[in-house]
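The exercises below ask you to locate individual residues and to describe how nonpolar side chains are grouped. Work through each task before reading its solution.

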Amino acid sequence: MAKKQVKRGGKALMIVESPAKARTISKFLGDDFMIEASIGHVRDLPEGSKQIPAQYKKEEWAYLGVNVNADFEPVYIIPPGKTEHIRKLRGLVKEASHVYLATDEDREGEAISWHLQELLQPKVPTSRLVFHEITREAIEEALETPRDIDENLVRAQETRRIVDRLYGYEVSPLLWRKVRPRLSAGRVQSVAVRLIVEREKQRMAFVSSTYWDLLATFANRKQESFQSTLVSVAGRRVPAARDFDSNTGQIKDPNLLLLGGDEARALAARIKPGPFKVVSVDEKPYTSKPYPPFTTSTLQQEANRKLGFTARRTMQVAQSLYENGHITYMRTDSTNLANVAVDAARDLVSSLYGGEYLPGEARVYRTKVKNAQEAHEAIRPAGHPFEPPEVLRGTLSADEFRLFEMIWKRTIASQMADARGRRISVVIEGPDGATFQVGGKTIDFPGYLRAYVEGSDDPQAELADQETILPQLEVGETIDCRELEPKDHTTQPPARFNEATLTRTLEEMGIGRPSTYAAIIDTILAREYVVKKGNALMPTWTAFAVSQLLEVHLPKLVDYNFTAKMEDDLDAISRGENGHVAYLNSFYFGDGQIGLKQQLANKVDEIDAREVNRIKLGKANEAEPIGGPIFVRVGRYGPYLEQGDRRASIPEGFPPDELTIQNSLEMLEQATQADEPLGKDPETGKPVYVKVGRFGPYVQLGSPEDEEKPKSASLLRGMKPENIDLPTALKLLSLPRDLGPHETLGEPIMVFNGRFGPYVKCGAETRSLPSGVSPIEVTRQEAIDLLAQPKQQRRGFGAPREPLKTLAESPVTKQPVKIFDGKYGLYATDGTTNASLPKGTEADDVTLEFVLPLLAERAAMGPSAKSKRAAKGAKKAAPKAAKKKAAKKKKVVEE
């Protein structure tokens, strides 16, 4: 079929985004096709002033890369490192008889095809191909039905890119001036940060409550035991967690029976003798419907819950599965399945589980999320019939297999019968009108649960866990009370967002697109608005300050409804219902409303940096502490506490919701005591202090008032600030210690407290101090004995470091891209340029497509200050070295 499209006289050229996708497609097409990858975007807006073309550098709008005065005309450039590849594509286009632009079917893919056409300017027929799975059938069908590039989709993508550029490049400089350099603002990013901060504020305001009830162990006449919980006494209901006000800790309804520990124990002793009688047994049938097939958002959520994958890792694995022809396109918000996929799933249900598990009619799903595009298809196994996971076990990586198996099971389950069962509620009464209640659940027919249970790796085990079997009980039956245990409960604050819950919340609110959530989470981690505490996303105090600035001074930009409406407006552009220029004019300049430019006018002068970087501590019902209110301030060197004239550093990584008035006062008191010296150094006469900084406790000689940078030394492992006296502090400040010259080596023996622990050094020889030997106590003889011992090779030392991961060749340097773990975290290198990876990135998650833009961005910034200094030093040293070498050579000749 495909060969019919090719004109005589040359091969057809098909351009896709990635080399992996190109390799898969090449398996299905003959020698009449050349398959080449664009390797992502081929044009983009300039990043930074260095990339602005010379003819625009003097324009007032040049820093934006968008001519806001001429219908928002974007300035497009070829990204650094792509020129040679574009030259290669142009050469292939000249040889081609027909050009097929087969980039992904979403707006981003449509835009890449448009840019390729604009850049390559083919002189031969050019067509757009779209397929949602990489199978022979899908590709041949696309070749039979080529189309033109959809200009509406291109304009929608371009408008979104311009809006994000205007928002980021106009608002971010305000954050640099008022909060901290190198911060960023973003249309969706800033709203996501606001959500996370608001959740942390709820946790900070939360007042816990404690309540008691009774847990009874009963037995029926057959001596079958079961447990039941006290729900009321004499008609007064015993409260549950939902009955307490989270801001005050008080019970909402005073008529409820709030038991204390003593009251619960007294009640248990009083009623335990009985009698207890079953007063009702209520049994109701229930049905449970299967989950719809995966969308981008639900795939990310479930992979996080079930497999522990980050959003980035999920999308990278899913992209690999798609590009290798195993699943359909992974960026979709539709739960719709093609008819052939429904048939394939129903055939598998019938053959694997039997006819009773197959519903009479095929299930049809409709997406409830805003802005869904039903023309797309859900994520499912590619082709038909579906490949069984076990067949692919040997060809897929561990991550790919686990994700594919999850997609496969979810797709099959979506076409299975409902699960059916019964829910049973039993009410028991005892003395004093004490009422107990217990619920049971029985699964009569598992239906789809045989194949898939959300959040579980093992459906069979989960089925057993879902059942709660009660013994046979009859109304009026007297039962024995074997045990009656008073139980206390404490209410819990709302859980922090994790990647799954943040993704779900953003999607439900209609904010952003699911395909961008992984990048947004990466950004807020990289900018240190958020850090990971376990699997949870915990905001930093910088996030509090930025959210406070935006909410107070630019509230519209982080308004949830406004941001969601922006998505609706951008979708209307993609459907051709709205014009992109009119929308951009309205967003930036304002059209009957205040635009971005006007909102930002005079904000630099209006905003008081001290106010936006100050967050007051304390709960609503908490009295103000003696000495006045306590604030957290976000300073240049990190957050710190402030109360009047008192200051104290906040330890690195200290959770905001755990910073209370009480422990804040303790930190302030410690800092105040640190202002009182332990005594004076006998040699210099300077005061010696014990202080606690953001990186831990340390001792200091002198004060900043006396000298710019006083000498300091960290406490040794196991030392506590309160136990440090003047002699110990002086010993710490004596490090590094000089123990005198080594008789054999002829070099001084030095003792250090290093980053990786204490050690001795003599010339080039170093030895770590054994556990239990202190650097402030070690003797000269002990050091000599230690240096005489053979050096223990530490893992990773003394040999070239091995990369954590090696990727494919860089198109710029032609060297493999490698991932290393450096002093400040993970970084990528292409042999010439090093680029730090976002904080929280796992080496296993990193792909070539992910790191190439980071390397390009870093390369565009030019060499670092350190590299410049090294180059300058090398340049200065070169003549001296050459002169020295020449003199040495002359001496040898003379001799």
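**Exercise 1.** In which helix is Thr728 found, and is Thr728 buried or exposed?

*Solution.* This is a predicted model, and the first step is to place the residue: Thr728 belongs to helix H23, which covers residues 726-733. Next, the relative accessibility of Thr728 is 19%; because buried means under 20% relative accessible area, Thr728 counts as buried. Finally, turning to its side chain, Thr728 makes a polar contact of 2.6 Å with the side chain of Asp725.

**Exercise 2.** Where does Thr660 lie, and what is its relative accessible area?

*Solution.* Start with the secondary structure, where Thr660 sits in the loop that runs between strand S19 (646-649) and helix H22 (661-674). Its relative accessible area is 33%, and since partly exposed covers the range between under 20% and over 50%, Thr660 is partly exposed. As a last step, compare sequence and space: Thr660 and Lys556 are 104 residues apart along the chain, and their C-alpha atoms are separated by 31 Å.

**Exercise 3.** How many residues has the largest nonpolar core, and which helix gives the most to this core?

*Solution.* The largest nonpolar core has 159 residues, and those with the most contacts inside it are Met14, Phe131, Leu403, Trp541 and Leu641. Helix H5 (residues 151-178) gives the most to this core, contributing 9 residues. Apart from this core lies another, of 27 residues, which includes Leu267, Ile424, Val426 and Phe436. Taking Phe131 as an example, and leaving aside neighbours within four places in sequence, its contacts include Lys21, Ile25, Ala102 and Tyr322.

How values were computed: Residues numbered from 1 in each chain as written. Predicted model: local features only at pLDDT ≥ 70, side-chain atom pairs only at ≥ 80, totals over all residues. Heavy atoms only, no water. Helix = DSSP H or I, 4+ residues; strand = E, 2+ residues; numbered from the N terminus. Buried < 20%, exposed > 50% of the residue type's maximum accessible area, 1.4 Å probe, protein only. Polar contact = N/O pair within 3.5 Å; in protein donor to acceptor, adjacent residues only side chain to side chain. Core = buried A, V, L, I, M, F, W, Y, C linked by side-chain atoms within 4.5 Å. Contact = heavy atoms within 4.5 Å.
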